[in-house]
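Biologist: Before we discuss particular sites, could we put the coordinates in front of us and then go through them residue by residue?

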Amino acid sequence: MPVDNNDVSSTFSLPPLIVDRLDVALDASRYMVTLVGQGKRLMVTSKVADVIEQLKQHKTIEEAARDLSEAWGWEIGSEDLRFIIEQQLVSRGIAFAGDTAPRTPSLASQAAEVKKSPLYLRLLAGRFRWRLLPRNLVRRVCPPMSVLYEPLSIVLAVVLIAASRYMLYTTIDGEFLRQVTGRATAVEYLLSLVFLLTVVLIHEFGHAAAQVRFGLKTGAIGFQLYHYIPAFFADVSNSWKLKPRQRVAVDIGGIYFQSIAASVMFLIYMNTDYVPLLAAVVASDTLCLFSINPLMKFDGYWLLADILAVPNLQQYSERVLRLSVGRLFGRRAERPVMPVKAARATVLLAYALVRNIFWLLVAVMIVRGSSHLYSAASTTLSRFYSAALRGIEVSDWALVVSSVVRTILFVLLLMTMVSLLFGVSLKVMQLGRRALASAGVWKMSGGAVAGEAQH
């Protein structure tokens, strides 16, 4: 049976999807396309959203092209529309050629295959994720926790956090902490690690509970390696449906919950003098400072993105930087209009400059310190190995386990330095390619960028 090429519904079909408008501060509206049953979300422009709406209404190519020409204010032909659908929708899995889209399970497997980078790239970048707690379990646990977002709870929590930190850092100095942790036994080391993992896991429940507070369903909680840095993560992709100030609450919710948990641990330490609790609290505070850094994709990055109401913060800040540099040297860009208003453009420009300088300094520090670290690596690993053997000889299994854990963490540190150096090198190569492309020496291909997944 011949196919009528003028019928959109006979040549292209849509999987189950939901389109939501995002509250952002960009030059044009943005929409989030959620592919139902796939766990996949893509940020699209308003024009792509218009095309999706035409497909949902099963219009012919001519009808859709006529309606879009009227809505957009310029003439668009049926072949132009077909090209847009193929390039912007089919290539990203939002639409499919043919009468019927594949069934959802196969779509999910296709999405997983597309989303995964080649293994060698993931090994070099040091980025892996595993799910630990399914979303159904998280959804059962979080509702009672959301009470901590009530106004009175917030006031009491802030008082607790401020008072406990004042007592901690005015009564305990760094020298005392180094001495007591340096003399910690294997059991104390493992317990301090367990306490730390507990508060960090509570951190992720803070993000999820904030979603519940705003009436959203939570996602799963998992474990990841980010540049080989161990960390938990929470799937809070649904927070894109919230207003920016509400998304800020979701972003800061992890540190908020973690700080409460660490404060409770410190109060217990004050009554027990149990050093592993103190070590876990100090380590937790250090991780909070690390997490709030907006130059890496931890909580601080998403927090700044939502304060500015600019999704894909890294992408748009780099675009502002390229446009600003182009104007400085009198070059004309293909899209010379800034994606945001002047005030936000200034902030994005400053962010891009600071971020690039930060990663350059990281690369310099790695190169300068790597020779010493790697030359001492064999000695360090040998010490851990000897400790493990000694533990086996005397049946001290806590010493064996702690030695193995220390070995794993040290190896991850070495791999983190390699991964970060690879990331900076890749960034330099990309900048070089863009410079050659602007000079007409290198031809670059562009494509639409999906929305970022949070936390």
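Biologist: In this predicted model, is Ala309 buried or exposed, and what is its relative accessible area?

Modeller: Ala309 is found in the loop between helix H13 (299-308) and helix H14 (313-328). Buried means under 20% relative accessible area, and Ala309 is buried because its value falls under that cut-off, the relative accessible area being 7%.

Biologist: What is the value that phi of Ala309 is near?

Modeller: Ala309, which lies in the loop between H13 and H14, is a residue other than glycine, and its phi is nevertheless positive. The angle is near 60°.

Biologist: Where does His227 lie, and what value is its phi near?

Modeller: His227 is placed in the loop between strand S7 (221-226) and S8, and its relative accessible area of 6% makes it buried. As a residue other than glycine, His227 has a positive phi, which is near 55°.

Biologist: Which backbone oxygen lies 2.8 Å from a polar atom of the side chain of Ser259?

Modeller: Ser259 is found in helix H11, and at 11% relative accessibility it counts as buried, because buried means under 20%. The partner that lies 2.8 Å from a polar atom of its side chain is the backbone oxygen of Ile255.

Biologist: Turning to the surface, which element gives the most to the negative patch?

Modeller: The negative surface patch is formed by Glu62, Glu63, Glu79, Asp80 and Glu86. Two elements, helix H3 (61-72) and helix H4 (78-89), give two or more residues to this patch. The one that gives the most, with three residues, is H4.

Biologist: Is Glu79 buried or exposed, and what is its relative accessible area?

Modeller: Glu79 has its place in helix H4 and is one of the residues that form the negative surface patch. Exposed means over 50% relative accessible area, and Glu79 is exposed because its value is over that cut-off, at 56%.

Biologist: Which residues form the positive surface patch, and what is the relative accessible area of Lys241?

Modeller: The positive surface patch is formed by Arg131, Arg135, Lys217 and Lys241. Of these, Lys241 has its place in the loop between strand S8 (229-234) and helix H11 (244-272). Since buried means under 20% and exposed over 50%, with partly exposed in between, Lys241 counts as partly exposed, because its relative accessible area is 47%.

Definitions and conventions: Residues numbered from 1 in each chain as written. Predicted model: local features only at pLDDT ≥ 70, side-chain atom pairs only at ≥ 80, totals over all residues. Heavy atoms only, no water. Patch = residues over 30% accessible without salt bridge, like charges linked within 9 Å, V, L, I, M, F, W, Y side chains within 5 Å. Areas by Shrake-Rupley, 256 points an atom, 1.4 Å probe, with all protein chains shown as cover. Salt bridge = Lys/Arg side-chain N within 4 Å of Asp/Glu carboxyl O. Lys, Arg positive; Asp, Glu negative; His and termini not counted. Charge placed at Lys NZ, Arg CZ, Asp CG, Glu CD. Helix = DSSP H or I, 4+ residues; strand = E, 2+ residues; numbered from the N terminus. Buried < 20%, exposed > 50% of the residue type's maximum accessible area, 1.4 Å probe, protein only. Polar contact = N/O pair within 3.5 Å; in protein donor to acceptor, adjacent residues only side chain to side chain.
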